[in-house]
Amino acid sequence: MVELFRSYIRKHKLLQGNKPVLVAVSGGIDSIVLMHLIYAAGIPFAVAHCNFKLRGKESANDRLFVKRMAAKFGVPFFEKSFNTKTFAHDNGLGIQEAARKLRYSWFDTLIKEHKLQAIATGHHADDLAETVLLHLVRGTGLAGLHGILPKSGKIIRPLLFATRLQIESYAEQHRLKWRDDSSNNSDYYTRNKLRRKVMPVLQSINPGVAEAFLKNTGIISDYEELIAEYISKIKGDFMKYDAKTGRAILTTTGLTGGGVLRALLFELLKDFGFNGEVCYQMADGIETKVVGSRFRSEDFEAVLERGRVVIGKRGAARELPEISVSAHQRTIKTPVGMFIIEQIVIPEGSSLDKLPDFNDLNTAYLDAKLVKWPLVLRPWHRGDRFRPLGMTGSRLVSDFITDAKLNNQQKDELYLLLSGGNIIWLAGYRIDNRFKLTASTRKAIRIKFKTNDSFHG
């Protein structure tokens, strides 16, 4: 197994040169076998042990055991205790996530202070299988299907080639001692449920299920590389960056539609924080040619325009002033964008759908004879009602906002346009049914809303 261990390290280029590696040792069988293999392979190393203060005396005994093992191998020993429960509570994290953040932050510090080249952990093939299953249960993209990688930054996992049975066999062969973590016998954690209840069923179907997962994740990683090359080419051909505005423009004309478009959008826009669900909604908007729709991640906003998607940084929430609009005004500047007003004549027999930007959410066509001046632009208030296009009854603006799933910033930046005290347009979203154009309309008011985030290159 030592030679398999060396071979796996060489194959995945996990270590370079003779700089020592930091081995994370809990005291369990996996980390003890990892430490023994690194020693047998002649790799210089140091040991790091975390006490998360979650199991009382058991945790204290783990610490003493690992310290003695490090002394037995004659290597440096680093230890640190954490108030894990307090950290989890203060940061709104689960215990396992809190422990992970604490230990890797400390490991990074040790790496820098002692000039170590990597952090080695005892993850193995069964851990990889459990991780893939966990991702599948929670929902995942292609990246989640490769599970745990052999190397991720400074973290290396040189035991991924070995199954739990192989590790147990090695420990027995070399008469190694280890500490059993009593929390592994609890079904409180989801991973434990998978390990104790799901994996045995899969092993009864295929005793080599861990090896199968390992093989499949390797194939998936190869496909990821292939897809990454393709996405890189698509970015070069279809996505441009404007250094002055800091915006990205994705040309959608020529991109394949359907499921391929949804997948492409996710791969192209995930660096901007857009998740799969938002990208699917965006793809539907592109295919149905609904321009003006906005989609937001935590830091960015994407706006659908004709034949392209414009991505820019989200601005801070703003206080919207109330603005009176007289009949002779043609442009109105606001903190969130500009309104451009035109009065037009519609020839008899004209098809309304053929009017410029008639289906653009940022363009409102209103029957001029029903509009009373001056108009008023103001932010929405609780209790506001309007009659959405296509409906005969009135509706609360707040209910419309909820159903449209507007986020806090979208709600803060929503302007209403009023005529004679009646809401005639939720700017960028919906006009009031009472002011719509009909076949008999000859004079109309066209209002275009150009947001500050719109890009015209």
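Start your tour at the second largest pocket, whose lining residues divide into 9 nonpolar, 9 polar and 6 charged. In that tally, Ala, Val, Leu, Ile, Met, Phe, Trp, Tyr, Cys and Pro count as nonpolar, Asp, Glu, Lys and Arg as charged, and the others, Gly among them, as polar.

Before you select anything, note that this is a predicted model, in which local features need pLDDT of at least 70 and side-chain atom pairs count only at pLDDT 80 or more, while totals for chains, interfaces and linings use all residues. Residues are numbered from 1 along each chain as its sequence is written, and side-chain values use heavy atoms, with hydrogens and water left out.

**Stop 1: the pocket**

The second largest pocket holds about 630 Å³ of space. Select Gln281, Arg294, Phe295, Ala404 and Leu406, which are the closest to its centre among the 24 lining residues. Then colour α12 (276–287), β9 (294–296) and α13 (397–403), the elements that give two or more residues to this lining. The most comes from α12, with 4 residues. Helices (H or I, at least four residues) and strands (E, at least two) are DSSP runs, numbered from the N terminus.

On a 1 Å grid over the protein atoms alone, a pocket is an open set of points with protein on both sides within 12 Å along at least five of seven lines, a cavity is a set of points where a 1.4 Å probe fits but cannot get out, and lining residues have an atom within 4 Å of a point. Grid points are joined across faces, edges and corners, and a volume is the space filled by probe spheres set on the points.

**Stop 2: an enclosed space**

The structure holds 3 cavities of 30 Å³ or more. Go to the second largest cavity, with about 50 Å³ of space. Show Arg294, Arg296, Gln410, Glu413, Leu414, Ala427, Tyr429 and Phe449, which line this cavity. By class, the lining has 4 nonpolar, 1 polar and 3 charged residues.

**Stop 3: β22 and its partners**

Now select β22 (residues 443–451): 7 of its 9 residues are buried, so the strand is largely enclosed by the rest of the structure. Buried means under 20% relative accessible area, exposed over 50%, and partly exposed in between (1.4 Å probe, protein chains only).

Add β14 (residues 337–345), which pairs with β22 in the antiparallel sense over 9 bridges. Two strands pair if DSSP finds at least two bridges between them. Label Val345 and you will find Lys443 of β22 opposite. Next add β15 (residues 363–367), which is also antiparallel to β22, over 5 bridges. Here Leu366 has Ile445 as its bridge partner.

Zoom in on Thr363 in β15. Is Thr363 buried or exposed? Thr363 is buried, at 6% relative accessible area. Leaving aside neighbours within four places in sequence, Thr363 is in contact (heavy atoms within 4.5 Å) with Asp357, Trp425, Arg446, Ile447 and Lys448.

**Stop 4: two open sheets**

For the next view, show the open sheet of 6 strands in the order β3-β2-β1-β4-β6-β5, where the pairing is mixed. At the edges stand β3 (77–81) and β5 (151–152), each with a single partner strand, so one side of each is left without a neighbour in the sheet. Parallel pairing joins β2 (residues 45–51) to β3 over 5 bridges, with Ala48 opposite Phe78.

Another open sheet has 5 strands in the order β12-β16-β19-β20-β21, with antiparallel pairing. Its edge strands, β12 (323–325) and β21 (430–431), each pair on one side only. Between β12 and β16 (residues 375–379) there are 3 bridges, and Val325 stands opposite Leu375.

**Stop 5: backbone checks**

Most residues other than glycine have a negative phi, and most peptide bonds are trans. Select Trp373 and Pro374, where the peptide bond is cis, with omega near -5°; Pro374 lies in the loop between β15 and β16. Then pick Lys13, a residue other than glycine with a positive phi near 50°, in the loop between α1 (2–11) and β1 (21–24). Lys13 is exposed, at 58% relative accessibility. Arg175 is not a glycine either and has a positive phi of about 55°. Find Arg175 in the loop between α8 and α9, exposed with a relative accessible area of 76%.
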